[in-house]
Amino acid sequence: MKEKLVIIGAGMASGKLLEELFERAPDRYDITLFGAEPRGNYNRIMLSPVLAGEKTYEEIVTHDDAWYRAHGVTTRFGEPVVKIDRKNKRVISPGGATPYDKLVIATGSAAFFIPVPGKDLPGVIGFRDMDDVETMLEAAGEAGRRAVIIGGGLLGLEAAAALKARGMEVTVLHLMGHLMERQLDPAAGYLLQKALEARGIEVICNAHTKAILGHERVDAVLLEDGSLHPADLVVMAAGIRPETRLAVEAGLRVERGIWVDDAMQTTDPDIFALGECVEHRQTVYGLVAPLYDMARVLARRLTGDRDAAFEPPAVSTKLKVTGIDLFSVGEIATDKGHEEIVFRDPGRGIYKRLVIEDNRIIGVVLYGDTADSSWFFAKLKAGEDIGPIRETLIFGPAFAEGAPADPLSAVAALPPEAEICGCNGVCKGDIVAAIEGGATDLAAIRATTKASASCGTCTGLVEQVLAATLGDDFRLPEKKGICPCTDLGHEDIRRLIKARALKSMPAVMQEAGWKSSCGCHICRPALNFYLLAEWPLEYADDAQSRFVNERNHANIQKDGTYSVMPRMWGGMTTPAELRAIADAAEKYNVPAVKVTGGQRIDLLGVKKEDLPSIWADLNAAGMVSGHAYSKGLRTVKTCVGSDFCRFGTQDSTGLGIRLEKILWGSWTPHKVKLAVSGCPRNCAEATCKDVGIVCVDSGFEIGVAGAAGMDLKKTEPLAKVETEEEVIEHVTAFIQLYRENAAYLDRPYKWVAKVGMDWVRAEVVEKAENRRALCERFEISQSVYRKDPWAEQAGEEYRRRKWEPLADLTREAAE
């Protein structure tokens, strides 16, 4: 007599199990198959093409009614099992009790609906089955309708592309900083976002959903930042949860999923589980390949093979969106001990990255060209030693046994009409003609043809044309990149960011052909500054790309403690502020209180965990951060001026305070120090500052580009003006010009030495319209950054997340 095998769940995992069972032992079991859906097994990974109109439901059916009849399977579709009775070895459904000898749970997973108000409104759905597809197709049937996809993972993006293809306006809201962060690094995530936006899909990362709005049905999605996104349909694609309710109620061991051993057996020897509902060795799987491996192992076990065991596989990812080639497998994070090989082709939108450990591939990310994905995947799974082919590995099997082709040969073969510089429409023939006319270096080519004079990304190609044309007479200039990640200098990068309107770090790295995937400690701070300086309203400052002092808003000392220095406007203070400083020093056992050369008071030796509390106390007294740690405005030193000094010619203190309140909070390439002296006696030492103003009887003399540190340099005259308003306008314009043009970590005196004081005067003094435009752009930036970071980070929620010791948070969670 046949054993009774009952299977709960008619999805792809159980479908593969049935195929394997019938191949190995077609007559061993009397099989009953329950399914909550009113249909049998279909290829769920092809739901996206069905939604997009590229396939029909009939084309993705894998087991139809005839197949089940031919194999003698009793099907109970549309009849969900409501209980497992382990004691009597039967399952309970609306149709009654069904006995089993062996039971397989393959209940899959359910869409995770983020817990926000409105998640249960009509029009808010998941994307797991054909019912969801039919709901979306109905919503897409009317012109002008809008869909919001919550979740920028694999399934969410496939749904977004499909609904866009159906004519809907689509917005993707993704919680993390880049799309598909589990499978892609930021560089590939940027390219993917760029491709989706080119199709008309709006993508918003770092999007925190606050609520889903509507009355009788969904109307819009509200984000934490206050932005509102109209929606006729909301698709929840923020993740999945294993469907474990039956197992929990049956008393089986359940953790994240239904616990199974290597034989796919649960804690009951007669009950097995497979698919998305299970957890194996602390891992839950959501892709089809491991589910099919589970089915093969379980089929062998159910047919008597005691040696069959499931081993966690390397799982690869491909996006099923027509026209987007993407592949990912293995480790994508670069940890200590890992190396990476990166290839970028900005012109073709190609990015390839291999993560290497001990001369073996452990991770692969390919975007734009996935032709070699199987070759890389095979080497990863085999753990092959790639040492002998390491130099050419990234180029794939075509170059596995030799060196890549000489790029000069490829350039020499280009026809004269081949475009070299896309920005300025310069072809190879134009450059060759310029060379034959005497332009024999890059600067001369730029001057005569403008090739590489805009964004700069074609510089290498122009140099190759020079080398191919001049032969041995051309010497390639030594590359002086800002770091080992790139051959581009600061000026090239700033020009590229502006010319290409690049507004994220991954965008810059891809379009500039970065040699690493995510940059390094040298280039990331520079890129972060360049982006926030160029796009203050669009780019969000990346705190993790700043130095430790800027991240913690205090200067770290050699013993690991910090110094705290509140701002004293123009060097002025009050008895109340002094009392607050004294109280804070006593309350937090500050070991040293120092009057600084910048006319401020420094509290030295503050413990890191005390920083938010001491900030809160100083905030309560009306004081804000002095930014003594920042690449930005530090101090405005003043003398007492005409208010008290008998030699003072103007109100130097008042002017200093006005300047400081305008400039504070701004980020600059390096620190900036100002001073205002009330007379030529120069008690505030204005003539050796980055910007110094000396008050005279007739008005004010403005000097810039001084230094009084490792270098000593007198300021150079910028302008003589009559009013305070003119001083403020000229100084603000100079600071903005410095922000927009200087290399990161160049002090103003170094920058002025490079560009020339004549040019600075021409831009700030002689061109009144340009000066006003610089001031306007500075104010736009300050609308974002003229704020106190202490006040923000001293807040209770921020304090708990960042500043409390990890041990305290862990203990609190345990309690």
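**Helix packing and nonpolar cores**

In this predicted model, the buried residues of helix α5 are covered by elements that include α2 (47-52), α3 (57-60), β9 (124-125), α6 (154-165) and β16 (233-236). Helix α5 itself runs over residues 130-139, and the residues tucked away there are Met130, Asp132, Val133, Met136 and Ala139. Residues three or four places apart in an α-helix point the same way, because there are 3.6 residues to a turn. Over at the start of α5, Asp129 puts a side-chain oxygen within 3.1 Å of the backbone nitrogen of Asp131.

As for the nonpolar interior, the largest core counts 79 residues. Ile149, Leu163, Leu192, Leu233, Leu319, Ile493 and Trp514 have the most contacts inside this core. Helix α17 (residues 523-534) is its top contributor, giving eight residues. Setting aside residues up to four places away in sequence, Trp514 touches Val342, Arg344, Cys485, Thr486, Ile493, Val508, Met509, Gly519, Cys523 and Leu527. Another core, of 48 residues, lies apart from the largest one and has Ile8, Tyr68, Met264 and Tyr285 among its members.

Further along the chain comes helix α20 (residues 611-620), where Leu611, Pro612, Ser613, Ile614, Trp615 and Leu618 are buried. Just past the end of α20, Gly622 adopts a positive phi of about 90°.

On confidence, the protein has a mean pLDDT of 90, with 94% of its residues at 70 or more. Residues 805-815 are another matter: pLDDT stays under 50 there, and the model gives this stretch three contacts beyond four places in sequence. Predicted coordinates should not be read in detail where pLDDT is low.

Notes
Residues are numbered from 1 along each chain as its sequence is written. This is a predicted model: local features need pLDDT of at least 70, side-chain atom pairs count only at pLDDT 80 or more; totals for chains, interfaces and linings use all residues. Side-chain values use heavy atoms; hydrogens and water are left out. Buried means under 20% relative accessible area, exposed over 50%, partly exposed in between (1.4 Å probe, protein chains only). Helices (H or I, at least four residues) and strands (E, at least two) are DSSP runs, numbered from the N terminus. Contact means heavy atoms within 4.5 Å. A polar contact is a pair of N or O atoms within 3.5 Å; within protein, one must be able to donate a hydrogen and the other to accept it, and residues adjacent in sequence count only if both atoms are side-chain atoms. A nonpolar core is a set of buried Ala, Val, Leu, Ile, Met, Phe, Trp, Tyr and Cys residues joined through side-chain atoms within 4.5 Å. pLDDT is the predictor's confidence in each residue, from 0 to 100.
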